[in-house]
Amino acid sequence: MTLKFNQIKWIHFNPILKSLLFWILFLFSLFLIGVFICPIFPAQWERFIYGIFGTMAAIGITWVFVKWEGKLFRDYNLVWKRNTLLNFSMGLFIGVILLLFIIGLLVLFSDIEMVASTNNWNIAQLFWMLAIIPLALMEEIAFRSYAFLELKHRYGFRLSQWLVAIAFASYHIIQGWNISTAFFGPAIWAFVFGLGAIYSRGIALPTGIHVALNIGQQVFGMQGENSNAIWFLKHPEGSSAEAIARTDQVGFLAQILVLVLAIWATEFYIRKNQLNLKESSL
């Protein structure tokens, strides 16, 4: 009887407060992993260790919250399905297309050039880039499963998209990103990831998009100078301040275009669902 009483109280707890508690515990677990677990391993394994243990922490915290709800993982689309690998592959494809779309806009409408890297790139570097998979997975579990669906259940898809986008940007700010980069980067892509999660009824597709974008940014040198870059997007020597500013403007407009498309797709999905519900009730 006590368990049921506590369970009922928890179920009726405000979803925003539940989500905040969930995210605080997730951040605290990442802090503990960074302080106590990562230093045990060689430095080159840090991203793998952080991602793997972070994913385990996200799953563990989710399990606790799901149990408090009196539900199962499948109620939050956190089970392996026959189409999981297909959805992940589709996500990779979508992520590549979106990244190439942004790069295409930069090359076409600014003075930026794609220059081959002088790095001695080898296949071993691909292995180290695979650390992005568990890193992306832990974030998708944390931001596109339990908390996201609890918010959607109470406030609807539209508002949950905005709430999680703000939370996702705030998470990156806590991780050390500056405010403008967090809100014109992760916050915008949160709409894409959220749409993918709801459309595919799982996190495999948004995880694929997430992985493709992050690996692609490294391959095209969009995260600064790094040894994983095969190409770099650079201005020609002697480019004027105006040309550099124009590139920034094109990049900004490209991100805004992604946001507009994601919001439009969200609204389209909501209206289509509402129409289907009306037709089924007739």
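**View 1. The surroundings of E139 in a predicted model.** Beyond its neighbours within four places in sequence, E139 is in contact (heavy atoms within 4.5 Å) with R144, F168, Y171, H172 and H210. E139 sits in helix α6, residues 132-144; helices are DSSP runs of H or I, at least four residues, numbered from the N terminus. E139 is buried (under 20% relative accessible area, 1.4 Å probe, protein chains only) but has no salt bridge, meaning a side-chain nitrogen of Lys or Arg within 4 Å of a carboxyl oxygen of Asp or Glu. The nearest side chain of opposite charge is R144, 5.8 Å away; Arg and Lys count as positive, Asp and Glu as negative, with His and the chain ends not counted.

**View 2. F26 and the largest nonpolar core.** This core has 68 residues: buried Ala, Val, Leu, Ile, Met, Phe, Trp, Tyr and Cys joined through side-chain atoms within 4.5 Å. F22, W23, F26 and F143 have the most contacts inside the core. Helix α7 (146-174) is among the elements giving two or more residues, and its 11 are the largest share. Setting aside residues up to four places away in sequence, F26 touches G54, A58, I61, M138, A142, F143 and Y171.

**View 3. L130 between two helices.** L130 lies in the loop linking α5 and α6. It counts as partly exposed (between 20% and 50%) because its relative accessibility is 34%.

**Notes on all views.** Residues are numbered from 1 along each chain as its sequence is written. Local features need pLDDT of at least 70 and side-chain atom pairs pLDDT 80 or more, while totals for chains, interfaces and linings use all residues, and side-chain values use heavy atoms, leaving out hydrogens and water.
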